[in-house]
Amino acid sequence: MDDLLLPVVDEDGAPFWEYAARGELRVQACADCGRLRFPPRPCCPHCRSFASEWRAMSGRGRIWSYVLPHPPLLPAYAAQAPYNAVVVELADAPGIRLVGNVVSGPDAPLDSVDPERLRIGGPVRAVFCPVFPDVTLVRWLLER
Ligand SMILES: [Zn+2]
């Protein structure tokens, strides 16, 4: 696990990770016009306001796309192949898509779901995975 790629947290995105560590999926929204935006950034692309807030999402979404990475893979990932990388469109925020992995539970490895079960459009919900003491990743569970 030592060589996993971890999020690079910047000032704009720090709240996303802080909420994830508490088990909340939140997306940045403009405090003036109300539009959601992702990835986080200081200025609203719609009205140019610098005022923002973090809006709670339901955690529901659909698989917008996915891949099954093939070799060559970084050593920490080769050990977990075959695994998936998905792009999930949020049910509460059409057009906002997060990259992650479908897993079978918060502590499950990346290869815990048979790739045959993945479908474009398939419903998923967020799960919060503490991969290190100070890093919680948002991953996805298949809805049944
Ligand atoms: Zn705005």
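**A first look at the fold and its aromatic rings**

Let me start with one residue, Y77: at 13% relative accessibility, Y77 counts as buried, because the cut-off for buried is under 20%. Keep in mind that this is a predicted model. We'll come back to Y77 in a moment.

First, the overall picture. The protein chain has two helices and eight strands. Going along the sequence, the order is α-β-β-β-β-α-β-β-β-β, so each helix symbol in that pattern is followed by four strand symbols.

How does the radius of gyration fit a compact globule? For 144 residues such a globule would come out near 15 Å, and the protein chain has 16 Å, which agrees. Its C-alpha trace spans about 45 × 30 × 25 Å along the principal axes. Of the 144 residues, 39% count as buried. And if you take contacts with a separation of 6 or more, 53% of them join residues 24 or more positions apart.

Now, the rings. There are four aromatic pairs. One of them is F16 with W17, an edge-to-face pair with 5.0 Å centre to centre and 85 degrees between the planes. F16 is buried, at 8% relative accessible area, whereas W17 is partly exposed, at 25%. Ring pairs also bring in F38, giving a cluster of F16, W17 and F38.

And here is Y77 again: it pairs with Y83 in a tilted arrangement, 5.9 Å centre to centre and 45 degrees between the planes. Y83 counts as buried too, at 8% relative accessibility.

Last, the surface: about 8,300 Å² is accessible, and 53% of that belongs to carbon and sulfur atoms. Thanks for listening!

Key. Residues numbered from 1 in each chain as written. Predicted model: local features only at pLDDT ≥ 70, side-chain atom pairs only at ≥ 80, totals over all residues. Heavy atoms only, no water. Rg over C-alpha atoms; globule rule 2.2 N^0.38 Å. Buried < 20%, exposed > 50% of the residue type's maximum accessible area, 1.4 Å probe, protein only. Contact = heavy atoms within 4.5 Å. Areas by Shrake-Rupley, 256 points an atom, 1.4 Å probe, with all protein chains shown as cover. Phe/Tyr/Trp six-rings, centres within 6.5 Å; stacked < 30°, edge-to-face > 60°.
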